[in-house]
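Grab a coffee and open the viewer: here are some exercises to work through with the model on screen. Try each task yourself before you read the solution.

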Amino acid sequence: MRTALFTVLAALISRVIAQGEDVESIGEEIVYDNIHNFTTIEGTWSSGSRKVLTGVQSDGQFCNPVDSTFTYPQTAGLGYSFTNDGWFEEALYRFQGNGTDPRCVVGVVQWQHGRVQYLQNGSIVLHPWPQDGRQQIQNPCAAESNILRQFNQTTLFKSWRIFRDPEGRAKLHLFRFDGAPFPPLFQVSDSPSMLPLRQLTNTTVGSQATKKRSLADQVTEPLQKRSAASPLYDSHAVTLSAAAGLVALGLMSMV
């Protein structure tokens with residue numbers, strides 16, 4: 001029984017993670033109504049103060065994957081761009097508090113782009129290009145306080161909604177694989193703001209490590225007690241959390 005279970009889960013994960021491969025719908029098909037089609041999902045979306053944006057803006061771009069550099073926004077948040085024909089870009093800037101030591105606030109920035117699938121059951125799956133994703137983690141209390149690495153995380157959104165908020169703005173709600181909500185995203189533009197729709201790099205971050213300065217040099221508001229040392233480069237792609245989520249999804253679908 002245990003062998004059969006893991007065989008089924010492995011097959012499910014391999015189908016979902018494979019680039020360019022069809023993903024099976026999970027659950028009953030939904031009937032699209034006004035909560036989905038108030039406006040198309042195509043466009044540029046951002047949370048909160050709408051400072052975290054994808055693509056190239058007048059004040060620069062959030063991430064340059066070719067140089068492995070970030071330009072830090074004024075505030076934390078999420079940014080996404082989608083096209084109706086299957087492309088996405090993601091920008092994320094967040095902080096993680098430390099209840100034991102308030103001085104040890106962790107800052108994370110990450111960026112990905114690639115293909116997106118809109119499934120018949122209302123789910124969305126993001127398939128990034130593994131070579132292009134970038135993530136920087138800055139932790140003033142860690143042995144290595146500044147880490148830059150390649151980042152590759154396939155993402156499943158169980159469902160989504162678009163509606164008009166009380167201020168008349170188009171508002172996008174994305175829900176994780178377990179149904180937990182993402183922060184609401186507001187439409188910044190009905191045109192997607194994206195870097196070129198193709199793989200942009202063909203080398204690992206580690207192979208360029210000796211040529212890169214610390215991304216902390218570019219931050220307008222440094223994290224408290226941030227180390228000025230060059231980041232530790234890790235070329236290992238981050239896929240563990242995505243796999244864990246898909247395993248959980250597989251278990252849910254078998255109940």
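## Exercise 1: The chain as a whole

Let's start with contacts: among those in the chain with a separation of 6 or more, 68% are between residues 24 or more positions apart. Keep in mind that this is a predicted model.

**Task.** Work out which secondary structure elements the chain has, and what share of its residues is buried.

**Solution.**
- Step 1. Go through the elements: the chain has three helices and 15 strands.
- Step 2. Turn to burial: of the 255 residues in the chain, 45% are buried.
- Step 3. Finish with the surface. The accessible surface is about 13,000 Å², and carbon and sulfur atoms account for 53% of that.

## Exercise 2: A strand and its neighbours

**Task.** Look at β6 and say which strands it pairs with, and in which sense.

**Solution.**
- Step 1. Take one partner, β1. The pairing between β1 and β6 is antiparallel and has four bridges. Within it, serine 46 is found opposite glycine 79 of β6.
- Step 2. Now take β7, residues 87-96. It runs antiparallel to β6, and six bridges join the two. Here glycine 79 sits opposite alanine 91 of β7.
- Step 3. Look at the connection. β6 and β7 make a hairpin with four residues between them, and glycine 86 in that turn has a positive phi of about 105 degrees.
- Step 4. Check both faces of β6. Gly77, Gly79 and Ser81 are buried on one side, and Leu78, Tyr80 and Phe82 are buried on the other.
- Step 5. Put that together: six of the six residues of β6 are buried, so the strand is largely enclosed by the rest of the structure.

## Exercise 3: Ring pairs

**Task.** Find the aromatic pairs and decide how the rings of phenylalanine 62 and phenylalanine 70 are arranged.

**Solution.**
- Step 1. Count: the whole structure has eight aromatic pairs.
- Step 2. Get the geometry of the pair in the task. The ring centres of phenylalanine 62 and phenylalanine 70 are 5.5 Å apart, and the planes are at 80 degrees, so this pair is edge-to-face. The cut-off to apply here is planes over 60 degrees apart.
- Step 3. Check burial. Phenylalanine 62 is at 6% relative accessibility, so it counts as buried. Phenylalanine 70 is at 1%, so it counts as buried too.
- Step 4. Try another pair. Tyrosine 80 and phenylalanine 157 are also edge-to-face, with 6.1 Å from centre to centre and 80 degrees between the planes.
- Step 5. Place that second pair on the chain. Tyrosine 80 belongs to strand β6 (residues 77-82) and phenylalanine 157 to strand β12 (residues 155-164), so the pair links distant parts of the chain, 77 residues apart. Both tyrosine 80 and phenylalanine 157 are buried.
- Step 6. Widen the view: Tyr80, Phe82, Phe157 and Phe182 are linked into a cluster by ring pairs.

## Exercise 4: Arginines over rings

**Task.** Work out which rings arginine 115 and arginine 169 lie over.

**Solution.**
- Step 1. Follow arginine 115 to its charged end, which sits over the ring of tryptophan 87, 3.9 Å from the ring centre.
- Step 2. Do the same for arginine 169, which lies over the face of phenylalanine 186 at 4.0 Å from the ring centre.

## Exercise 5: The disulfide

**Task.** Locate the disulfide, find its handedness, and say whether each cysteine is buried or partly exposed.

**Solution.**
- Step 1. The structure has one disulfide. It joins cysteine 104 to cysteine 141, with an S to S distance of 1.8 Å.
- Step 2. Read the torsion: about the S-S bond of cysteine 104 and cysteine 141 it is about -90 degrees, so the disulfide is left-handed.
- Step 3. Place the ends. Cysteine 104 is in the loop between β7 and β8 (106-118), and cysteine 141 is in the loop between β10 (134-138) and β11 (146-150), so the pair ties together parts 37 residues apart in sequence.
- Step 4. Compare the ends with the cut-off for buried, under 20% relative accessible area. Cysteine 104 has 8% relative accessibility, so it counts as buried. Cysteine 141 has a relative accessible area of 43% and is partly exposed.

## Exercise 6: Positive phi

**Task.** Where are arginine 50 and serine 68, and what is phi in each?

**Solution.**
- Step 1. Arginine 50 is in the loop between β1 (43-47) and β2 (56-57). Its phi is positive, about 60 degrees, although it is not a glycine.
- Step 2. Serine 68 is in the loop between β4 (63-64) and β5 (69-70). Its phi is also positive, near 55 degrees.
- Step 3. Add burial: arginine 50 is partly exposed at 32% relative accessibility, whereas serine 68 is buried with a relative accessible area of 2%.

Notes:
Residues numbered from 1 in each chain as written. Predicted model: local features only at pLDDT ≥ 70, side-chain atom pairs only at ≥ 80, totals over all residues. Heavy atoms only, no water. Buried < 20%, exposed > 50% of the residue type's maximum accessible area, 1.4 Å probe, protein only. Contact = heavy atoms within 4.5 Å. Areas by Shrake-Rupley, 256 points an atom, 1.4 Å probe, with all protein chains shown as cover. Phe/Tyr/Trp six-rings, centres within 6.5 Å; stacked < 30°, edge-to-face > 60°. Lys NZ or Arg CZ within 6 Å of the ring centre and 35° of its normal. Pairing = 2+ DSSP bridges. Disulfide = S-S within 2.5 Å.
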